[in-house]
Amino acid sequence: MSGERSRGLPHSGALRPGIRTFKPRRSRITRRAEAALVTRTDLVIPWSDAPLAFRDHWGAGIPVVVEIGCGDGRATLGMAQEDPGIGVWAVDVHTPGLGTLLADVTDADITNVRVSEGDALAILETMVPPHSLAGVRSFFPDPWPKARHHKRRLVQPAILDLVRSRLQVGGFWHLATDWQEYADAMAECFDAERHWSGGIVERPADRPVTHYESRALREGRTITDLIYRTVA
Ligand SMILES: C[S@@+](CC[C@H](N)C(=O)[O-])C[C@H]1O[C@@H](n2cnc3c(N)ncnc32)[C@H](O)[C@@H]1O
């Protein structure tokens with residue numbers, strides 16, 4: 001995998017060309033993360049123009065959950081450890097975070113995590129077979145607080161349709177945010193769609209505190225978890 005950039009990454013048709021849900025950012029990579037990116041390529045799923053056979057990566061009959069925007073993978077790791085019977089596919093454009101996750105997975109001897117570098121929306125659209133996922137997780141997606149940037153938000157009708165088309169009926173999308181106005185907007189967006197049911201929930205005990213969340217908590221912001229399931 002190479003450095004983070006959005007130019008050249010496959011784009012999803014759910015958003016207008018040039019519109020991405022992530023911010024380009026660069027941060028230093030530790031030697032540990034860099035080494036894991038080189039040694040653990042067995043855990044990296046590269047871009048493919050064809051849908052993936054999940055059994056080739058996790059084994060037959062294993063439910064698969066995609067995490068959109070795993071960052072440094074703190075939640076990915078904890079939830080994969082907690083539930084070894086699921087296949088966890090962590091996706092981000094931020095290479096240093098993926099390297100940290102690969103190093104942590106190696107140290108903890110976890111076998112059910114795979115990672116991909118790229119725009120998770122393009123990955124969902126092209127590499128995930130229709131109605132194949134048990135769930136999707138998105139913890140602290142970029143809030144894009146300015147009204148003119150709302151078109152970059154992860155929770156918007158076209159992306160709800162894309163995620164729903166990849167979930168099994170009854171599959172879940174678990175989100176968390178520290179941005180109250182975004183939490184309200186998320187609930188409003190899901191509630192307007194008849195194929196989703198759910199709402200704001202108490203923080204699930206098995207969701208670890210993520211890197212972004214710990215900063216939000218230090219700064220005194222309130223955290224909202226939301227879980228929605230698809231209905232036929
Ligand atoms: C605010 S950070 C939160 C990271 C992590 N979940 C946490 O809570 O610490 C949002 C992350 O989502 C990633 N992201 C946003 N949109 C994405 C997309 N379409 N595909 C892949 N990653 C995305 C960003 O690169 C960033 O790492």
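**Helix α7**

Select E188 and D191 in this predicted model: both are exposed, and they sit on the face of α7 turned away from its buried side. Then extend the selection to the whole helix, residues 180–191. From its first C-alpha to its last, α7 reaches 17 Å over 12 residues, close to the 16 Å expected at 1.5 Å a residue.

Now colour Y182, A183, M186, A187, C189 and F190, the buried residues of α7. Turn the view until you look down the axis of α7: these buried residues fall within an arc of 165 degrees, so they line one face of the helix. To see what lies over that face, show α6 (157–166), β5 (167–177), β6 (196–201) and β7 (224–230), which are among the elements covering the buried residues of α7.

**Helix α1**

Move to α1, residues 31–39. Which residues of this helix are buried? Select A33, A36 and L37. Viewed down the axis of α1, the buried residues occupy an arc of 100 degrees, so they too line one face of their helix. The cover over them includes α4 (95–107). Rotate to the other side of α1 and you find R31, V38 and T39, which are exposed.

**The ligand**

Select the ligand next and show the residues around it; there are 17. Those that come nearest are T21, R25, D92, F139 and T210.

Three distances to nitrogen atoms of the ligand can be drawn in turn.

- T21: an N or O atom in its side chain is 2.7 Å from a nitrogen atom of the ligand.
- D119: a polar atom of its side chain lies 3.0 Å from a ligand nitrogen.
- A120: here the partner is a polar backbone atom, at 2.8 Å from a nitrogen atom of the ligand.

With these contacts on screen, add a surface. On its own the ligand has 590 Å² of accessible area, and the protein covers 97% of it.

**I62**

Go to the loop between α2 (55–58) and β1 (64–68) and pick I62. Is this residue buried, partly exposed or exposed? I62 has a relative accessible area of 29%, so it counts as partly exposed. Show G85, I86 and G87 as well: I62 is in contact with them, leaving aside its neighbours within four places in sequence. For a distance across the model, draw a line from the C-alpha of I62 to that of A122. The two residues are 60 places apart along the chain, and their C-alpha atoms are separated by 23 Å.

**Two residues with positive phi**

The last stops are backbone ones. Select H131, in the loop between α5 (120–127) and β4 (133–139). What is the sign of phi at H131? The angle is positive, about 50 degrees, although H131 is not a glycine. H131 is partly exposed, with a relative accessible area of 45%.

Follow the chain through β4 into the loop between β4 and α6, where F140 lies. F140 is not a glycine either, yet its phi is positive, at about 60 degrees. Is F140 buried or exposed? With a relative accessibility of 9%, F140 counts as buried, because buried means under 20% relative accessible area.

Conventions. Residues numbered from 1 in each chain as written. Predicted model: local features only at pLDDT ≥ 70, side-chain atom pairs only at ≥ 80, totals over all residues. Heavy atoms only, no water. Helix = DSSP H or I, 4+ residues; strand = E, 2+ residues; numbered from the N terminus. Expected span 1.5 Å × (residues − 1). Buried < 20%, exposed > 50% of the residue type's maximum accessible area, 1.4 Å probe, protein only. Arc of directions from axis to C-beta. Contact = heavy atoms within 4.5 Å. Near = heavy atom within 4 Å. Polar contact = N/O pair within 3.5 Å; in protein donor to acceptor, adjacent residues only side chain to side chain. Areas by Shrake-Rupley, 256 points an atom, 1.4 Å probe, with all protein chains shown as cover.
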